[in-house]
Amino acid sequence: SIMDLIDASLGTRLHLWAPVRPGAHSRVVYVEDRLFQEINAATDFRMGLLWNELDHFSLGGLITVGYGTEATCMLKCLERQSDEVWELRCKDPQPQVRVFGRFRGTDLILATHAVYRDQLGYPGQTKFDGNHWPTEILRCKNIWSQIFHGEPPHSGQTINDYITQRVVEVGKLP
């Protein structure tokens with residue numbers, strides 16, 4: 001089962017996110033080992049601040065979700081919703097960071113990696129013009145496949161199939 005694969009990967013490929021701030025977890029976040037090490041090393045000020053966003057998510061903070069070009073959302077399902085690749089948008093302070101991940105179940109997400117927003121380019125461009133979104137989406141899917149050996153990510157029809165409480169939609173599912 002998926003939980004067996006998660007349990008087998010804990011401490012090696014995956015780490016259960018343990019919020020620094022006190023409070024009960026209402027959502028579960030697993031972080032892939034490289035990203036976990038990058039956040040914990042805290043050699044980069046901005047990456048170190050990912051603690052705040054992951055704590056906010058884990059502890060049930062209000063999540064705004066967008067589906068298009070909304071600039072105000074914190075969480076967004078990326079294009080080709082069938083890929084089930086999501087971005088957690090860490091916008092303040094600059095530079096912005098995008099954490100890529102996929103849901104394993106309701107209120108359970110796996111953060112695969114993070115990239116500075118300015119390194120991603122713009123979706124309307126080609127890869128030759130600097131659009132690295134398709135590469136990072138593929139990277140997320142590859143990390144997922146290495147851990148879950150072909151098991152599909154969670155999918156749903158409404159945002160409440162992903163997050164059950166304290167969620168506001170800025171847009172709507174297509």
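What covers the buried residues of α5? Keep that question in mind as you open the viewer, and remember that you are looking at a predicted model.

**Stop 1: helix α5**

Select residues 133–148, which make up helix α5. The helix has 16 residues and reaches 22 Å from its first C-alpha to its last, close to the 22 Å expected at 1.5 Å a residue. Now colour its buried residues: Trp133, Glu136, Ile137, Cys140, Ile143, Trp144, Ile147 and Phe148. They cover an arc of only 125° around the axis, which puts them on the same side of α5. If you would like the background, an α-helix has 3.6 residues a turn, so residues three or four places apart point the same way.

Next, bring up the elements that pack over this side, to settle the opening question. The cover includes α1 (2–9), β1, β2, β5 (86–90), β6 (97–105) and β7 (108–116).

Before leaving the helix, select Arg139 and Glu136. Their side chains meet in a salt bridge, with N to O at 3.2 Å. Both residues lie in α5, three residues apart, about one turn of the helix. Arg139 is partly exposed, with a relative accessible area of 39%, whereas Glu136 counts as buried at 11%. Then step just past the end of α5 to His149, where phi is positive, at about 50°.

**Stop 2: the salt bridges of β5 and β6**

How many salt bridges does the structure hold? There are five, and you have just visited one of them, between Arg139 and Glu136. For another, select Arg98 and Glu87, whose closest N and O atoms are 2.8 Å apart. Arg98 lies in strand β6 and Glu87 in strand β5, so the pair ties together parts that are 11 residues apart in sequence. Are these two residues buried or exposed? Arg98 is buried, and Glu87 is buried too. Add Arg89 to your selection, and you will have Glu87, Arg89 and Arg98 linked in a network of salt bridges.

**Stop 3: Arg13 and Glu32**

Move to Arg13 and Glu32, whose side chains form a salt bridge at 3.1 Å, N to O. This pair links distant parts of the chain, with Arg13 in the loop between α1 and β1 and Glu32 in strand β2, 19 residues apart. The accessibility of the two partners is worth checking. Arg13 is partly exposed, with a relative accessible area of 24%, while Glu32 is buried, with a value of 2%.

**Stop 4: Arg27, a charge without a salt bridge**

Now select Arg27, in the loop between β1 (14–16) and β2 (28–32). Arg27 is buried yet has no salt bridge. Which side chain of opposite charge is nearest to Arg27? That is Asp107, 4.2 Å away, and a salt bridge here requires the nitrogen and the carboxyl oxygen to be within 4 Å.

Backbone oxygens do come within reach of this side chain. The backbone oxygen of Gln165 lies 2.8 Å from a polar atom of the Arg27 side chain, and the side chain also reaches the backbone oxygen of Arg166 at 3.4 Å. To see the wider surroundings, show the residues in contact with Arg27 beyond its neighbours within four places in sequence; among them are His56, Phe57, Ser58, Ile63 and Ile163.

Asp107 deserves a click of its own. It is found in the loop between β6 and β7 and counts as buried at 11% relative accessibility. Its phi is near 60°, a positive value in a residue other than glycine.

**Stop 5: unusual backbone angles**

Most residues other than glycine have a negative phi, and most peptide bonds are trans. With that in mind, go to Glu84, in the loop between β4 (75–77) and β5. Phi of Glu84 is near 55°, and the residue counts as buried at 5% relative accessibility.

For the last selection, follow the chain to the loop between β5 and β6, where you will find Pro93 and Pro95. Which kind of peptide bond leads into each proline? The bond from Asp92 to Pro93 is cis, with omega near 5°. The bond from Gln94 to Pro95 is cis as well, with omega near -5°.

Technical notes: Residues numbered from 1 in each chain as written. Predicted model: local features only at pLDDT ≥ 70, side-chain atom pairs only at ≥ 80, totals over all residues. Heavy atoms only, no water. Helix = DSSP H or I, 4+ residues; strand = E, 2+ residues; numbered from the N terminus. Buried < 20%, exposed > 50% of the residue type's maximum accessible area, 1.4 Å probe, protein only. Lys, Arg positive; Asp, Glu negative; His and termini not counted. Polar contact = N/O pair within 3.5 Å; in protein donor to acceptor, adjacent residues only side chain to side chain. Contact = heavy atoms within 4.5 Å. Expected span 1.5 Å × (residues − 1). Arc of directions from axis to C-beta.
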